[in-house]
Amino acid sequence: MKEKLAALHELQQQDSALARLQKDYAAVDHGLVEKEQFEKAKEAHQHAFDALHKATADLHDTELEQKSIEVKRSDFEKKLYSGSVRNPKELQAMQDEVTMLAKMRSTLDEKILATMDLIEVLKRTEAETKTIKDTVMSAYREKHEAYKLKSDGLVKEAKKLVSKRNKTAALIDPPLLKKYEILKSTKHGVGIAALEDGNACGGCKTAIPSNLLRQIKESATVQFCMNCGRIVCDLGKK
Ligand SMILES: [Zn+2]
């Protein structure tokens with residue numbers, strides 16, 4: 001019985017180690033905070049980039065409009081001063097047209113200057129948001145790589161442990177193994193405990209009465225702690 005229980009106790013150590021690994025695995029930092037920061041920075045940069053792109057396109061459109069008005073005005077002026085038109089009414093209408101085009105041109109000039117100023121501001125914003133985006137992106141990448149490394153290491157360790165555990169489990173009689181599994185699942189992951197300090201249950205630290213102690217050390221059957229109900233084994237002597 002002692003050998004069987006020693007194997008079961010070893011299985012308990014392996015199961016406890018696996019449980020610790022699972023806990024460590026769940027606690028590994030996924031870098032979710034950094035990911036969220038990166039998403040936000042990416043969005044801010046995209047927003048700035050789009051605004052810059054739109055302002056540049058606006059500037060281009062306004063410049064084209066300005067050119068076409070300039071062409072019209074110059075045509076009217078040529079006609080006006082060529083002497084070919086003599087009708088005073090017609091001349092006045094053309095003069096009015098030239099004045100109106102000059103006003104439009106002036107409005108467009110102002111718009112072009114304002115758009116150029118805006119583009120300067122947007123260029124700075126685009127560059128700043130890009131720097132922030134790149135910085136948080138590298139922080140996120142770093143975190144993610146650390147997470148991968150840590151979690152991959154834990155998975156590797158767990159796989160090795162599971163294979164060892166399965167070998168140990170194969171040494172134990174199925175009914176005893178089943179009993180252990182049930183106890184483990186109901187008693188905070190610990191189904192079997194070794195005697196501690198000569199006479200205490202290693203699971204609940206309660207002192208065990210001498211008659212039960214004798215049975216644990218000598219009996220050919222499995223003994224249970226009268227306080228916590230776990231299997232108690234004696235690893236002291238073989
Ligand atoms: Zn106990």
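**Exercise 1. Find the partner of Glu181 in a salt bridge, then place that pair among the salt bridges of the model.**

*Solution.* Start with the side chains: Glu181 and Arg165 meet in a salt bridge at 2.9 Å, N to O. The term asks for a side-chain nitrogen of Lys or Arg within 4 Å of a carboxyl oxygen of Asp or Glu. Bear in mind that this is a predicted model, where local features need pLDDT of at least 70, side-chain atom pairs count only at pLDDT 80 or more, and totals for chains, interfaces and linings use all residues. Residues are numbered from 1 along each chain as its sequence is written, and side-chain values use heavy atoms, with hydrogens and water left out.

Next, widen the view: the structure holds 16 salt bridges. Another of them joins Asp234 and Lys2, at 3.6 Å from N to O. Asp234 sits in the segment after S3 and Lys2 in helix H1, so this pair ties together parts 232 residues apart in sequence. Helices (H or I, at least four residues) and strands (E, at least two) are DSSP runs, numbered from the N terminus.

**Exercise 2. Describe the interface of domain 1 and domain 2.**

*Solution.* First, set the bounds, which come from an automatic or database domain assignment: domain 1 covers 2-23 + 173-233, and domain 2 covers 31-170. Eleven residues from domain 1 and nine residues from domain 2 take part in the contact, meaning heavy atoms within 4.5 Å.

Second, take the area. About 850 Å² is buried between the two domains, with carbon and sulfur atoms giving 70%; buried area is the accessible area (1.4 Å probe) that two parts lose on being put together, summed over both. Of the area that domain 1 buries against domain 2, Gln14, Leu18 and Leu21 supply 61%, more than any other three residues.

Third, look for pairs: the rule finds two salt bridges across the interface of domain 1 and domain 2.

Last, see which elements contribute. Helix H1 (2-27) and helix H4 (174-186) each supply at least two residues of the side of domain 1 that touches domain 2, and H1 gives the most, with eight residues.

**Exercise 3. Work out the strand order of the open sheet and find its edges.**

*Solution.* Three strands form the sheet in the order S2-S1-S3, with mixed pairing; two strands pair if DSSP finds at least two bridges between them. Strands S2 (200-201) and S3 (231-233) stand at the edges with a single partner strand each, so one side of each is left without a neighbour in the sheet. Three bridges join S1 (residues 192-196) to S3, and these strands run parallel. To check one bridge, go to Ile192: its partner in S3 is Ile231.
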